[in-house]
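Colleague: Could you take a close look at one part of this model for me? I'd like one connected walk-through.

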Amino acid sequence: MRAVAAGVLNLSGLGLGYALLGRWGRAVACWVATGVLLLVALPAEPDGVSARWVVVYGVLVVLAAVDGARIALRSAVGGSWRPVVAAGLGVVLLAVPAGGVVAYGAARDEAREEMLLDRLESGDRRVAAASGQPFGAAKGEYEKALGVYRALDRDHPDSRAAGLVPDRLKDYYDAVSSPYAEKRHCEAVEPLTYLRGLPGTVDRKLLGELAGWPDGPLAESLYACGVSRLGGSSSGGAAEFGELLRTFPESEPARQVASVLGERIDGRVAEVKGDDPCAAAEALRGLRTTVAALPAQHVPGLSAKAGKGVQDGDYACGVDRFEEGKFSQAKLTLDRFARTHKSDGRAAQARKIAIAAEIAAARPAAGKRLPPSGNPGGPRMELVISNDAPNGVEVLYTGPVTGTVTLKPCGDCKRYSAATGSTLACKVSGKNYPKARLQLPAGDYHFLYKHGTGASSRVDSYAAGSKVRPGYTYTSCTYVIERSLLEPRLPTLPDLLEPTSLSLPRAGSSR
């Protein structure tokens, strides 16, 4: 019984068996071993103490128990202590290491919980830092925070930290979707699209109601952003409306797309008759592009309405630019209109105004009024234009009537000097000069002689004005003067003609 008592007392790790036997050196060794273990194990870490230390300590305790029992068997023990009582005390004291193990396990579990809570807070800090940045720059931080939440739920589902993850996800969604809460709808599209895709990577049970929440805000943001981008010269709103109609075709915002586009088109069509038809035409062109990019079944009839608005707007814009004296722009606009809309009843008038605008760019007096849309009645006077130049000539004219005529090159004609051009041009008897014959009503006219491109591109065009009077016939001769850069430029020929032998000013050109 004495040996049992000594061994059991030493199993407590406190060396009490040695103390009862009076072997104080061995007792101190047991205390040192227990102290070292406590130093290694405390404070408790989430991963606990290394198994190596536990095994070593356990072996030492067992050896101490065996050694204490051996000594008690072989040695006389002084004093009046009772082995049975000592053995009972040893059994009771075994509760000390057992309780220590239990307490240490609890401390270790608490340390693990604290570690997981710290990990949760690290995800929270990432969300807080990312929430003040644009989503594109902050997306990486958001994804890292989500990885923390997801790992806690997956790897430690029974921890206190995992129990807090659903609330943290609500805060996470609020942070990512903050542009939507602040009505910055265009900025909200990307983060809401990201949130809508999370159920593919995060357990739907964990997300709960959050899994389907982004649908409504995303549809609303796509609509509002699309509306805000309507009316520019490009296809503003097409990307947002297209995504809305493809992704949420049955949503309330999707049902509003056709009506808002129709209202915008109607408004711009009305503006075509206002003070700035050019801006209205550009806006309608953008709206037409937007509508063309959308599924036709969702915007029926709007493409044709916008196209008609663009057509009317282009014509009105060209006329407006002519009346404002922006002749080069007016020509470009109306030339495009006439080419694009050949079947439009205004195409012929557009070509007339474009001709007048081109003449007016060189001779502003030609742009004082729009060319008449119809042809006046009454007698017509003949104007014969001859070409005494080695290059072709296009003659533009505007007045009571407007038009163009082209003369072929005169193959064997030469350039004249400045001194001889006005006296010799078109005067060779029997020579077959290329000619054009015009029948003109009486009135004031403006002419532009254009000498072509290529080899003759350096030949100056020439603009002039003349009055055509009833009862006369007129002739005009165009020729080219060869002139060095040092020679002074020729004076402008007179605008008015005296109805004598009745010839218009010769269209002398020089280079």
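In helix 12, which residues are buried?

Modeller: Quick ground rules: this is a predicted model, so local features need pLDDT of at least 70, side-chain atom pairs count only at pLDDT 80 or more, and totals for chains, interfaces and linings use all residues. Residues are numbered from 1 along each chain as its sequence is written, and side-chain values use heavy atoms, with hydrogens and water left out.

Now to your helix. Helix 12 covers residues 215–228, 14 in number; helices here are DSSP runs of H or I with at least four residues, strands are E runs of at least two, and both are numbered from the N terminus. From first C-alpha to last, helix 12 reaches 20 Å, close to the 20 Å expected at 1.5 Å a residue (the expected span is 1.5 Å times one less than the number of residues).

As for your list, the buried residues of helix 12 are P217, L218, A219, S221, L222, Y223, C225, G226 and V227. Buried means under 20% relative accessible area, against over 50% for exposed and in between for partly exposed, with a 1.4 Å probe and protein chains only.

What sits over them? The cover on those buried residues includes helix 9 (178–181) and helix 10 (185–196), along with helix 13 (238–247) and helix 14 (252–271); contact means heavy atoms within 4.5 Å.

For a single buried residue elsewhere, try N387 in strand 1 (residues 381–388). N387 counts as buried because its relative accessibility is 0%. A polar atom of the N387 side chain lies 3.0 Å from the backbone oxygen of N391, and one lies 2.9 Å from the backbone oxygen of K408.

How values were computed: Polar contact = N/O pair within 3.5 Å; in protein donor to acceptor, adjacent residues only side chain to side chain.
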